[in-house]
Structure formats: structure tokens, C-alpha cells
Amino acid sequence: MAVNLKPISTQFLCHTFSSSFSLPELHSVRSSKFVMASTLSTPSTKEVKQLFTPQRKLQHQVSHSMPPEKIKIFKSLESWAKSNLLTLLKPVDKCWQPQDFLPEPSSDGFHDQVKELRERAKEIPDDHYIALVGDMITEEALPTYQTMINTLDGVKDETGASNTAWAIWTRAWTAEENRHGDLLSKYLYLTGRVNMRAVEKTIQYLIGSGMDPGTENNPYLGFIYMSFQERATFISHGNTARLVKEHGDLKLAQICGIIASDEKRHETAYTKIIEKLFEIDPNGTILSLADMMKKKITMPAHLMYDGTDANLFDHFSAVAQRLGVYTALDYADILEFLVDRWQVEKLTGLSPEAQNAQEFVCGLPPRIRRLEERARLRAKTAPTIPFSWIFDRQVKL
């Protein structure tokens, strides 16, 4: 049963801050607002739990499922990671930055540039904005994704500034990814077409709720998940670029395209890790791949919530499916691509259990494609609902 979360009021936030830190009573410099905040009632434990309990029911969670002896595999891959992962990163000075694609606020022509941007934005349909905002919110929940990677045994950043190749990769990957949500958020803000407060609430709820990808602190599972997700975001941003280009916003198409290119490069890194694991431990790796596919790859923003719509992720996904931004067919194509990339069908010398996993994984794409046909049939009779992200305007699912 879903819990009805209540929006966090500014009064509650003020009180939480003042009660969490015991400040000295400097009456002479206290503002009236601080005095008022200090007299607010303390929320109950039940209220606090409701505020930060995910709306969507989570599966039974498992932790530390990888046998301890396999941690040695990842320790032994330190030099390999340095040579094969860190070389895929770009120096900061050679990276694009969000401001490269936005009106320059210090220029005399800033207001004209914004006006031009807003004129282009008028041509983009509301359902395209739902796809854009959903992708942007997914990117903005980056703290959760870095946290998830740093739960993986054998590759985590133990100190927060570790010099291992695994830790350096994770921090630098996070830094590169951070630009994506930043750029999309600023651009959407300037369009005037999006209810930014509703979007910002959704981001806060999402980061507070976390994610449940089923990776169990297991780097086999975690890197399979990341391989799939990076390709999924590459496809999603690429398809969005095509759609907005059709409506005349070439700048927004360029933005989505440049983000997609980052995702493609990151996909290369994670698929290289799994390729190496198939070389070292084919039995363990194919079993892990089958495990993740049986669970189904859960999108990283599956716990999104805006304070009103408990099924927000499903509704966003339905719009993305209908538009062709990201579909069940894409899901099948990604799996087929990875099976081919890792040469799963050609694996030999597997244990009986691993052979069964191999057969399951290789036979899965056709089954998923049948789901795509059912999804298309359902879309024909889909309802129209309001989205808070676009000021409660109605969009067909």
C-alpha cells in the first residue's frame, strides 16, 4: 500500500535546521524569522518516516551476495582498470560545459538570446517536455548513482578520495555526468514551459528515496546494470534529440545529442569491465547477467514522486514509450546488443547452471519484443492525465 507523502513546508525545513544544530542564543542578532522557527512543533517520528518513505513498494533487498573470495578478482584488475577505464575519461579543460550551450548572462545580447530560446521552445509539444523533464530528473539524481556504485564490494571509494583506479573512475564519471542534469535544468528553466518548483520537488523526493536496482553490493551485478543503463540513456537522449529537431529546436537537439555522446563513451567503459569478467570468470558472469535480467533492469529513477502522483514514473515511462523515446523494443535491442558485444552465445566450457543461464539470456530478446506489441496496443486506449511538471496540463499516456 502506497504511503501518501506530504510536501515539505519551508517552516518544517527551518525548524529541522534550527533543532539539528545547537546554536548559541545570540538574541541581539537573531532575526524574527529565526525566533518564529524555533517555536515550531517537532514533527513526529511517523511524520518524518512518511516524508522520506518511497511511494513505490520495494522488493526484498539483498546485500553482500558476492562471495568474499571474488573481491580478489577486482583487486587484481587495478592496473587493467587504470589502462582501460581512465583512458576513456576526458580532461576537464577539453570537456564541454553547460554554459557552452546557454545564453551568456554577461553579454549585452543575453535577453535577446533568451527570447530566441523561448520562441523555439513554443514549438515543442507538451509530451516532449515530459520526456525531457523525466530524463533531466533522472540525471539530477546523480548523488544516488554515485552512492550505489560506492556500495559495490571490491571497487568502492573507501575514503571518498581514494587513489585506486576504480575510485578515480567513479568520481570522474560522476563529474562528467553532473553536467547533463545541470545543462538540461538550466535550459528548461529558460524556456518558461516547465513548472520548475514541481520539478525541483521531484528531484528532492527522488534523491531522498534512493534507488533499488537489485545489485546487492555485487560489482558483477552493478557493472551489468551500469552497462545496460548507459546504453539506455544514450538511446533515450538520442531519440529526444531527433524529436525536438523535428520541431525546429536545433540547439536543444544539439544539447541532447552531446549528452548522448557522453553516455555512449561511458557505456564503452562499463561494457569493457563485463567483457573482462567474462574472460576471467565466465560462469560467474553469465550467472550474474541472467540474475539481473530475471529481476528486470529497473530504471534508476523508478522511485520518482512529485508530492501528488504516486505513479509518476509509470506515467512518464508511458509517455516516453508512446513517443518512441525509450520503449520495450529498445530494452530488447540493448540486451541483444550486449549479448553480441560480450559474445555470450559463443561461451563454452560452462557449468550446467551457467549453460542454463546462457540459454535463458540468449532467448530473452524475442520474448521482450512480444511485450512491445502489447504495449503499443495498450497505448491506443491510454488515458490523458495532468502532469505537475508542466503546470498540470493534460498529456496522453
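The following paragraphs describe the internal cavity, the salt bridges and the surroundings of one aspartate in this predicted model.

The enclosed space within the protein is considered first. Counting cavities of 30 Å³ or more gives one cavity, and the volume of the largest cavity is about 170 Å³. Its lining is made up of 15 residues. Those that lie nearest the centre of the cavity are Tyr 145, Trp 173, Glu 230, Thr 233 and Pro 300. Four elements each give two or more residues to this lining, namely α7 (126-140), α8 (142-149), α9 (165-191) and α11 (219-246). Of the elements, α11 gives the most, with five residues. In chemical character the lining is mixed: eight of its residues are nonpolar, three are polar and four are charged.

Charged residues also take part in pairings elsewhere in the structure. Side chains of opposite charge can pair when their charged atoms come close. The model holds 22 salt bridges, and three of these are described here in turn.

One of the salt bridges joins Arg 120 and Asp 249, whose closest N and O atoms are 3.1 Å apart. Arg 120 belongs to helix α6 (residues 110-121), whereas Asp 249 is found in the loop between α11 and α12 (250-280); the pair therefore ties together parts that are 129 residues apart in sequence. With a relative accessible area of 0%, Asp 249 is buried.

A further salt bridge is formed by Arg 179 and Asp 262, with the closest N and O atoms 2.3 Å apart. Because Arg 179 lies in helix α9 and Asp 262 in helix α12, this pair ties together parts that are 83 residues apart in sequence. Both partners fall under the 20% limit for buried residues: Arg 179 has a relative accessible area of 6%, and Asp 262 has one of 3%. Helix α9, which carries Arg 179, is also one of the elements that give two or more residues to the lining of the largest cavity.

The third pair to be described consists of Arg 369 and Asp 333, with a separation of 2.7 Å between the closest N and O atoms. This salt bridge links distant parts of the chain, since Arg 369 is in helix α17 (residues 364-379) and Asp 333 is in helix α15 (residues 328-341), 36 residues apart. Here Arg 369 counts as partly exposed, at 27% relative accessibility, and Asp 333 likewise counts as partly exposed, at 32%.

Salt bridges may also be connected through shared partners. In this model such sharing joins Glu 176, Arg 179, Asp 262 and Arg 265 into one network. The pair of Arg 179 and Asp 262, which forms a salt bridge, thus has both of its members in that network.

The last site to consider is Asp 281. This residue is placed in the loop between α12 and α13 (282-295), and at 13% relative accessibility it counts as buried. What do the polar contacts of Asp 281 with Lys 70 and with Tyr 220 look like in detail? The side chains of Asp 281 and Lys 70 are joined by a polar contact of 2.7 Å, and a polar contact of 2.7 Å also joins the side chains of Asp 281 and Tyr 220. When neighbours within four places in sequence are left aside, Asp 281 is in contact with Lys 70, Ile 73 and Tyr 220.

Terms used: Residues numbered from 1 in each chain as written. Predicted model: local features only at pLDDT ≥ 70, side-chain atom pairs only at ≥ 80, totals over all residues. Heavy atoms only, no water. 1 Å grid on protein atoms, 1.4 Å probe; cavity = no way out; pocket = protein on both sides within 12 Å on 5 of 7 lines; lining within 4 Å. Points joined across faces, edges and corners; volume = space filled by probe spheres on them. Nonpolar A, V, L, I, M, F, W, Y, C, P; charged D, E, K, R; others polar. Salt bridge = Lys/Arg side-chain N within 4 Å of Asp/Glu carboxyl O. Buried < 20%, exposed > 50% of the residue type's maximum accessible area, 1.4 Å probe, protein only. Polar contact = N/O pair within 3.5 Å; in protein donor to acceptor, adjacent residues only side chain to side chain. Contact = heavy atoms within 4.5 Å.
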